[in-house]
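Please open the model in your viewer and keep the sequence beside it, because each stop on this tour asks you to select something and then look at what surrounds it.

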Amino acid sequence: MTYRKLFFALGLAGLLTFTGLHIEEQGSMPLSIGFATPAGAVIGRPLTPLSYAGVARRTTRRVVTRTTTTIAVLPAGCRYGPYYGGYYYRCGGYYYAKSGNVYVQVIVQ
């Protein structure tokens, strides 16, 4: 008898954990049971929780600033890659972004 209650409790807990049980106030069926709940994250919304892309984009917008300092040719040893959410040329401690025929120095704070 004890194992029966234990299996019943585990089965009920598994059923409630792995299925989506919804009780709606309006509609033709007030109670619906599904095996998965739909994800409701909208890309680009500012309040989407745990959106790593959104966090990176907002952080980059806040800390990257283009300056008026431009150079025609990059110094030797510059590496192009993803830095702080954008693609820039990293030359020592400086970052550059290509703008037309010149490279604009970018300040990352």
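Select Thr70 and then Val104, which is the bridge partner of Thr70 in S7. These two residues belong to a longer pairing, for five bridges join S3 to S7, and the two strands run antiparallel. Strands here are DSSP runs of E with at least two residues, helices are runs of H or I with at least four residues, and both are numbered from the N terminus; two strands count as paired if DSSP finds at least two bridges between them. Strands of a sheet pair through backbone hydrogen bonds, either parallel or antiparallel. Keep Val104 selected and add Ala97, because Val104 in S7 is also the bridge partner of Ala97.

Before going on, note that this is a predicted model, in which local features need pLDDT of at least 70 and side-chain atom pairs count only at pLDDT 80 or more, while totals for chains, interfaces and linings use all residues. Residues are numbered from 1 along each chain as its sequence is written, and side-chain values use heavy atoms, with hydrogens and water left out.

Now colour the chain by secondary structure, which comes to two helices and seven strands. Read along the sequence, these elements follow the pattern α-β-β-α-β-β-β-β-β. In what order do the strands of the open sheet lie? The open sheet has five strands in the order S3-S7-S6-S5-S4, with antiparallel pairing. S3 and S4 are its edge strands, each pairing on one side only. If you look along the sheet, neighbouring strands are turned by 45° against each other on average, direction ignored; axes are lines fitted to C-alpha atoms, for helices over the stretch in contact, and angles run from 0 to 180 degrees between N-to-C directions.

Next, walk across the sheet from S4. Five bridges join S4 to strand S5, residues 86-91, and this pair runs antiparallel; select Tyr83 and you will find that Gly86 in S5 is its bridge partner. S5 then pairs with strand S6, residues 94-99, in the antiparallel sense over three bridges, and here Tyr89 has Tyr96 in S6 as its bridge partner. Between S5 and S6 is a hairpin with two residues between the strands, where Gly92 in the turn has a positive phi of about 65°. S6 in turn pairs with strand S7, residues 102-108, over five antiparallel bridges, and Tyr95 stands opposite Val106 in S7. The hairpin of S6 and S7 also has two residues between its strands, and Gly100 takes a positive phi near 70° there.

Stay in S7 and select Gln105, which lies in this strand. Is Gln105 buried or exposed? Gln105 is buried, with a relative accessible area of 14%, where buried means under 20%, exposed over 50% and partly exposed in between, with a 1.4 Å probe and protein chains only. Leaving aside its neighbours within four places in sequence, Gln105 is in contact, meaning heavy atoms within 4.5 Å, with residues that include Thr65, Arg66, Tyr94 and Tyr95.

Then show the side chains of Val63, Val64, Tyr83, Tyr88, Tyr95, Ala97 and Val106, the seven residues of the largest nonpolar core. Such a core is a set of buried Ala, Val, Leu, Ile, Met, Phe, Trp, Tyr and Cys residues joined through side-chain atoms within 4.5 Å. Apart from it lies another core of five residues, among them Tyr89, Cys91, Tyr96 and Tyr103.

For the aromatic stop, select Tyr80, Tyr87, Tyr89 and Tyr103, which form one aromatic cluster. The whole structure holds five aromatic pairs. One of these is the tilted pair of Tyr80 and Tyr89, at 4.6 Å centre to centre and 45° between the planes. Rings of Phe, Tyr and Trp (its six-membered ring) pair if their centres lie within 6.5 Å, and planes under 30 degrees apart count as stacked, over 60 as edge-to-face and the rest as tilted. Tyr80 is exposed, with a relative accessible area of 51%.

Finally, select Gly77 in the loop between strand S3 (64-71) and strand S4 (79-83). Gly77 is exposed, with a relative accessible area of 67%. Add Cys91, and draw the distance between the two C-alpha atoms: Gly77 and Cys91 are 14 residues apart along the chain, and these atoms are separated by 6.6 Å.
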